[in-house]
Amino acid sequence: CRRSSGAPFVTWASFRKSEFRFIAGTPNEVRWAGRVRSFCSRCGTPLTFVTEPDADEVDVTVCSFDQPDTVTPADHTWIEDRLPWIRLADDLPGYRQARLADST
């Protein structure tokens, strides 16, 4: 996430693939290591992440939304990968890795 976004972390919103669609334009897709990322074809903004091409869930970068302030995070995932100077200062649940694979 850090290299694709150029930021210390990314805030994602997850949706079922069947309930998500782009309403304008066609993003560029990059497939690497079994993962699929999409980017705005005009400006390069990171848009989505899919763990594998046939996955049922798509993660969408919250800051690419027209109104990112309408989304409230529910938890922190992959916190074992955070940079040492990142401090989580809220009471949200935290998961060392993926939400379903690990616990706090």
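**View A. A33 in the loop between strand 2 and strand 3.** In this predicted model, A33 is found in the loop that joins strand 2, residues 28-32, to strand 3. Its phi is near 55°, a positive value, although A33 is a residue other than glycine. Most residues other than glycine have a negative phi, which makes this a good spot to pause at. Is A33 buried or exposed? With a relative accessibility of 57%, A33 counts as exposed.

**View B. W78, with a positive phi.** Move along to the segment after strand 5, and you will meet W78. The phi of W78 is near 55°, again in a residue other than glycine. W78 has a relative accessibility of 42%, so this residue counts as partly exposed.

**View C. S38, a buried serine in strand 3.** Strand 3 covers residues 35-39, and S38 lies within that stretch. How much relative accessible area does S38 have? The value is 3%, so S38 is buried. Look next at its side chain: a polar contact of 2.5 Å joins it to the side chain of T48. Setting aside residues up to four places away in sequence, S38 touches F22, P27, N28 and E29, along with T45, P46, L47 and T48. T48 therefore appears twice in this view, both as a residue that S38 touches and as its partner in the polar contact, while S38 itself is buried at 3%.

**View D. The second largest pocket.** This pocket has a volume of about 540 Å³. Which residues of its lining are the closest to its centre? Of the 18 residues that line the pocket, they are F22, I23, A24, L47 and S64. Two names here may be familiar from the view of S38, since F22 and L47 are among the residues that S38 touches. The lining as a whole divides into nine nonpolar, six polar and three charged residues.

**View E. C40 and C43, two cysteines without a disulfide.** Why is there no bond between these two? The sulfur of C40 is 3.7 Å from that of C43, its closest cysteine sulfur, and this is too far for a bond; a disulfide needs the two sulfur atoms within 2.5 Å. Seen from the other side, C43 is in no disulfide either, with the sulfur of C40 as its nearest cysteine sulfur. The count by this rule comes to zero disulfides. As for accessibility, C40 counts as partly exposed at 25%, whereas C43 counts as exposed at 58%.

**View F. D56 in the loop between strand 4 and strand 5.** D56 lies in the loop that links strand 4 (46-50) with strand 5 (57-61). At 47% relative accessibility, D56 counts as partly exposed. Which residues is D56 in contact with, leaving aside its neighbours within four places in sequence? They are F15, R16 and K17. E19 makes a helpful landmark too: D56 and E19 are 37 residues apart along the chain, and their C-alpha atoms are separated by 9.8 Å.

**View G. D69 in the segment after strand 5.** Our final stop, D69, lies in the segment after strand 5. With 68% relative accessibility, D69 counts as exposed. To place D69 within the model, find N28: the two residues are 41 apart along the chain, with 25 Å between their C-alpha atoms.

Key. Residues are numbered from 1 along each chain as its sequence is written. This is a predicted model: local features need pLDDT of at least 70, side-chain atom pairs count only at pLDDT 80 or more; totals for chains, interfaces and linings use all residues. Side-chain values use heavy atoms; hydrogens and water are left out. On a 1 Å grid over the protein atoms alone, a cavity is a set of points where a 1.4 Å probe fits but cannot get out, and a pocket is an open set with protein on both sides within 12 Å along at least five of seven lines; lining residues have an atom within 4 Å of a point. Grid points are joined across faces, edges and corners, and a volume is the space filled by probe spheres set on the points. Ala, Val, Leu, Ile, Met, Phe, Trp, Tyr, Cys and Pro count as nonpolar, Asp, Glu, Lys and Arg as charged, and the others, Gly among them, as polar. Helices (H or I, at least four residues) and strands (E, at least two) are DSSP runs, numbered from the N terminus. Buried means under 20% relative accessible area, exposed over 50%, partly exposed in between (1.4 Å probe, protein chains only). A polar contact is a pair of N or O atoms within 3.5 Å; within protein, one must be able to donate a hydrogen and the other to accept it, and residues adjacent in sequence count only if both atoms are side-chain atoms. Contact means heavy atoms within 4.5 Å.
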